[in-house]
Amino acid sequence: MVGQWSSRMKTLELTPRLQLLADMTPPGTRLADVGTDHAYLPIWLKLHGCVVSAIACDLRESPLAQAQKTGRLYGADGIDFRLGDGLNVVAPEEADTIVIAGMGGENIAAILARAPWTADGSHRLLLQPMTRAEVLRAFLMDHGYAIQQEALVRDRGTLYPVIEAVGGEMSLSLGQLYGGAALLHDPLGERYIIEKIIRLTNAVAGLNRSREQQKADALREIITALLSMREEWRNAKSQ
């Protein structure tokens, strides 16, 4: 029986993106995972004794049913599976660490906007936007959050940021909004900035063809800020 348990634990392997989130989760915390999908993250954390409790939430019945099935498969006891929209089904006192991952930056910002208690200073947020990370960073800056750290991970050929934030105050430059608030010492930081510059440069070319100069000028300003960020990253690396 012990051998079967050990084998089942070993077979649950996280993707690089989820593994980074697991690594950034404080040990002994009470976790709420929003948009849990298959619940791999809370299940892995529970199996490895990294959290004292875990709430796995999802908006749709089908993914939540699959998450419950996955929990039974790996023998992860004590996970509370909840059907609901965002953090509407989580009370502030039930979690210390809140993970919102695998969705666009606008969606994550919208979930936090409906749960302003997450900025009370007693909750740690681990946020992983798949797209529009700049929108999420801007929301955090404007709504009483402070980014503590960021980290990058490459998963299936794409770079993703993971943002750790708590209640507080911060001010971000245009370059930091698009190139990362705290990525100057990340080994993947320059690649992240370069990929942003390439995408924005292509967008500018398209706007030039359609003669939308005002929008093109706004993107050029961002590119200039990112070029400065790239130099900052290089200077930080050389120190």
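Angles between axes under 35 degrees count as roughly parallel, over 145 as roughly antiparallel, 65 to 115 as roughly perpendicular and the rest as oblique. Axes are lines fitted to C-alpha atoms, for helices over the stretch in contact, and angles run from 0 to 180 degrees between N-to-C directions. Helices (H or I, at least four residues) and strands (E, at least two) are DSSP runs, numbered from the N terminus.

The model is predicted, and local features need pLDDT of at least 70, side-chain atom pairs count only at pLDDT 80 or more, and totals for chains, interfaces and linings use all residues. Residues are numbered from 1 along each chain as its sequence is written, and side-chain values use heavy atoms, with hydrogens and water left out.

**Helix pairs**

| Pair | Angle | Axis distance |
|---|---|---|
| H8 (residues 189-209) and H9 (residues 213-238) | about 160° | 9 Å |
| H2 (residues 16-24) and H3 (residues 40-47) | about 50° | 10 Å |

H8 and H9 are therefore roughly antiparallel to each other. The crossing of H8 with H9 is left-handed (the near helix is turned anticlockwise from the far one by less than a right angle; clockwise would be right-handed). Their contact has 15 nonpolar, four polar and six charged residues. In this classification Ala, Val, Leu, Ile, Met, Phe, Trp, Tyr, Cys and Pro count as nonpolar, Asp, Glu, Lys and Arg as charged, and the others, Gly among them, as polar.

By its angle, the pair H2 and H3 is oblique, and its crossing is right-handed. Leu-18, Gln-19, Leu-21 and Ala-22 of H2 meet Tyr-40, Leu-41, Trp-44 and Leu-45 of H3, where contact means heavy atoms within 4.5 Å. Seven nonpolar residues, one polar and no charged make up this contact.

**Sheet**

Seven strands form an open sheet in the order E3-E2-E1-E4-E5-E7-E6, with mixed pairing; two strands pair if DSSP finds at least two bridges between them. At the edges are E3 (79-83) and E6 (145-155), each paired on one side only. From one strand to the next, the twist averages 20°.

Within the sheet, E4 (residues 97-103) and E5 (residues 124-129) run parallel and are joined by six bridges. Ala-101 stands opposite Gln-128 in E5. Helix H4 (residues 61-74) lies across E2 (51-58) and E3, running at about 165° to E3.

**Salt bridges**

The whole structure holds 15 salt bridges, each a side-chain nitrogen of Lys or Arg within 4 Å of a carboxyl oxygen of Asp or Glu. One of the salt bridges joins Asp-96 to Arg-30, with the closest N and O atoms 2.7 Å apart. Asp-96 is in the loop between E3 and E4 and Arg-30 is in E1 (residues 29-34), so the pair links distant parts of the chain, 66 residues apart.
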